[in-house]
Amino acid sequence: MAESRIRLDQPRVERRTPRFHYDAEAFGRSTERIARFLGTGRYLVYQSVLILVWILVNTLPGIGHFDPYTFTFLTLILSLQAAYAAPLILLAQNRQDDRDRVNLEADRDEARQSKADLDYLAREIAAIRMALGEVATRDFLRSELARREREDDKDGD
């Protein structure tokens, strides 16, 4: 009897049970496709037609009713559909949020790089303007030549 007791002074032995492995990305893509389909008008039409047929088959006399109680099975089916649809839609939204977050970060990085490039170009243009301010322009050279000619004419007279 004492041997069947769990011993606390020894570590637990790991169970060798098979684990279910799946590709999370493939599962996420398939749930997004399902969630996308659940948000279409086509799905609403299919579901409406199915419910209408279900109601007609179970209310018309002379036809075998597979849901003999007051649409209990229909309620169960619709509840199951809602129970699976909500998590699928949330999973698709979470994946979209992750993609949006990555895209936002890439946009921010691009904006930072563009701002840095723009600041660099602004500094370069300012340096060129300052350098051009120190260079003799055509008008300055003409005025200096004209002044020298006047001085030469005065000296030569």
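Trainee: How far apart are the closest N and O atoms in the salt bridge of Arg 112 with Asp 109?

Mentor: This is a predicted model: local features need pLDDT of at least 70, side-chain atom pairs count only at pLDDT 80 or more, and totals for chains, interfaces and linings use all residues. Residues are numbered from 1 along each chain as its sequence is written, and side-chain values use heavy atoms, with hydrogens and water left out. A salt bridge puts a side-chain nitrogen of Lys or Arg within 4 Å of a carboxyl oxygen of Asp or Glu. For Arg 112 and Asp 109, the closest N and O atoms lie apart by 2.6 Å.

Trainee: What separates Arg 112 and Asp 109 in helix α3?

Mentor: Helices are DSSP runs (H or I, at least four residues), numbered from the N terminus. Helix α3 spans residues 72–134. Arg 112 and Asp 109 are three residues apart in it, so the separation is about one helical turn.

Trainee: What relative accessibility does Asp 109 have?

Mentor: Buried means under 20% relative accessible area, exposed over 50%, and partly exposed in between (1.4 Å probe, protein chains only). Asp 109 counts as partly exposed because its relative accessibility is 39%.

Trainee: Which residue forms a salt bridge with Arg 147?

Mentor: The partner sits in helix α4 (residues 138–156), three residues from Arg 147, about one turn of the helix. That partner is partly exposed, at 27%. Arg 147 is partly exposed too, at 34%. The closest N and O atoms are 2.6 Å apart, and the partner is Glu 144.

Trainee: Which residue does Arg 95 pair with in a salt bridge?

Mentor: Arg 95 is buried, at 15%. Its partner is partly exposed, at 41%. The pair links distant parts of the chain, helix α3 and helix α1, 70 residues apart. With the closest N and O atoms at 3.0 Å, the partner is Glu 25.

Trainee: How many salt bridges does the count come to?

Mentor: Bridges with shared partners join Glu 25, Arg 29, Glu 32, Arg 95 and Arg 99 into one network. The count comes to ten.

Trainee: Which backbone oxygen does the side chain of Asn 58 reach?

Mentor: Asn 58 lies in helix α2 (residues 41–59). Asn 58 counts as buried because its relative accessible area is 9%. Its side chain reaches, at 2.9 Å, the backbone oxygen of Trp 54.

Trainee: Which residues does Asn 58 touch, not counting those up to four places away in sequence?

Mentor: Contact means heavy atoms within 4.5 Å. Beyond the excluded neighbours, Asn 58 touches His 65, Phe 66, Asp 67 and Phe 71.

Trainee: How much accessible area does the nonpolar surface patch have together?

Mentor: Patch residues have over 30% relative accessible area and no salt bridge; like charges are joined within 9 Å, nonpolar side chains (Val, Leu, Ile, Met, Phe, Trp, Tyr) within 5 Å. Areas come from the Shrake-Rupley method with a 1.4 Å probe, and for residues only the protein chains shown count as cover. One member, Leu 80, is partly exposed at 42%. Phe 66, Phe 73, Leu 76, Ile 77, Leu 80 and Tyr 84 together have about 600 Å².

Trainee: How far apart in space are Arg 33 and Ile 89?

Mentor: Arg 33 lies in helix α1 and is exposed, at 52%. Arg 33 and Ile 89 are 56 residues apart in sequence, yet C-alpha to C-alpha the distance is 9.8 Å.

Trainee: What is the mean pLDDT of the protein?

Mentor: pLDDT is the predictor's confidence in each residue, from 0 to 100. Where pLDDT is low, the predicted coordinates should not be read in detail. Here 95% of residues reach 70 or more, and the mean is 85.

Conventions. Helices (H or I, at least four residues) and strands (E, at least two) are DSSP runs, numbered from the N terminus. A polar contact is a pair of N or O atoms within 3.5 Å; within protein, one must be able to donate a hydrogen and the other to accept it, and residues adjacent in sequence count only if both atoms are side-chain atoms.
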